[in-house]
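Colleague: I am new to this structure and would love a close look at a single part. Could you walk me through the nonpolar surface patch?

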Amino acid sequence: MYDDEGADEDEDLPPIHRLHSSYGIPADARQMGLDRNVPEGAWLAFAGSLSSARPSHRLVAWLLLAAFVLPLLLTLKATFF
């Protein structure tokens, strides 16, 4: 089975391996049966394929973080204030 341990190894892979259904998904998520074909697995694969060495990938990671945290903060504000 395909195993991705680090970003350095992933960048050296030929493009065909990046299309593999478990690319970017952690081993524990693969054990639960997640791959790119289910919505949760697709989000994990997308986030797992981001590289911190690229500024555009960092921007996307911050936008994803905001997309998940902002609704929570707005809900908490509406609930308690």
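Modeller: Happy to; here is the patch, followed by the aromatic rings in it. This is a predicted model, in which local features need pLDDT of at least 70, side-chain atom pairs count only at pLDDT 80 or more, and totals for chains, interfaces and linings use all residues. Residues are numbered from 1 along each chain as its sequence is written, and side-chain values use heavy atoms, leaving out hydrogens and water.

The nonpolar patch covers about 1300 Å² and is made by W43, F46, W62, L65, F68, V69, L72, L73, L76, F80 and F81. Such a patch takes residues with over 30% relative accessible area and no salt bridge, its nonpolar side chains (Val, Leu, Ile, Met, Phe, Trp, Tyr) being joined within 5 Å. A salt bridge would be a side-chain nitrogen of Lys or Arg within 4 Å of a carboxyl oxygen of Asp or Glu. Accessible areas come from the Shrake-Rupley method with a 1.4 Å probe, and for residues only the protein chains shown count as cover.

Helices α4 (39-48) and α5 (55-80) each give the patch at least two residues, and α5 has the largest share, with 8. Helices here are DSSP runs (H or I, at least four residues), numbered from the N terminus. One α5 residue is L76, partly exposed at 36% relative accessibility (buried is under 20%, exposed over 50%, partly exposed in between).

Now the rings: there are 2 aromatic pairs in the structure. W43 and F46 have ring centres 6.5 Å apart and planes at 80°, so they sit edge-to-face (centres within 6.5 Å make a pair; planes under 30 degrees apart are stacked, over 60 edge-to-face, the rest tilted). Both lie in α4, 3 residues apart, about one turn of the helix. W43 also pairs edge-to-face with F68, at 6.1 Å centre to centre and 80° between the planes. That pair links distant parts of the chain, 25 residues apart, with W43 in α4 and F68 in α5. F68 is exposed at 57% relative accessible area, and ring pairs link W43, F46 and F68 into a cluster.

Notes
Patch = residues over 30% accessible without salt bridge, like charges linked within 9 Å, V, L, I, M, F, W, Y side chains within 5 Å. Buried < 20%, exposed > 50% of the residue type's maximum accessible area, 1.4 Å probe, protein only. Phe/Tyr/Trp six-rings, centres within 6.5 Å; stacked < 30°, edge-to-face > 60°.
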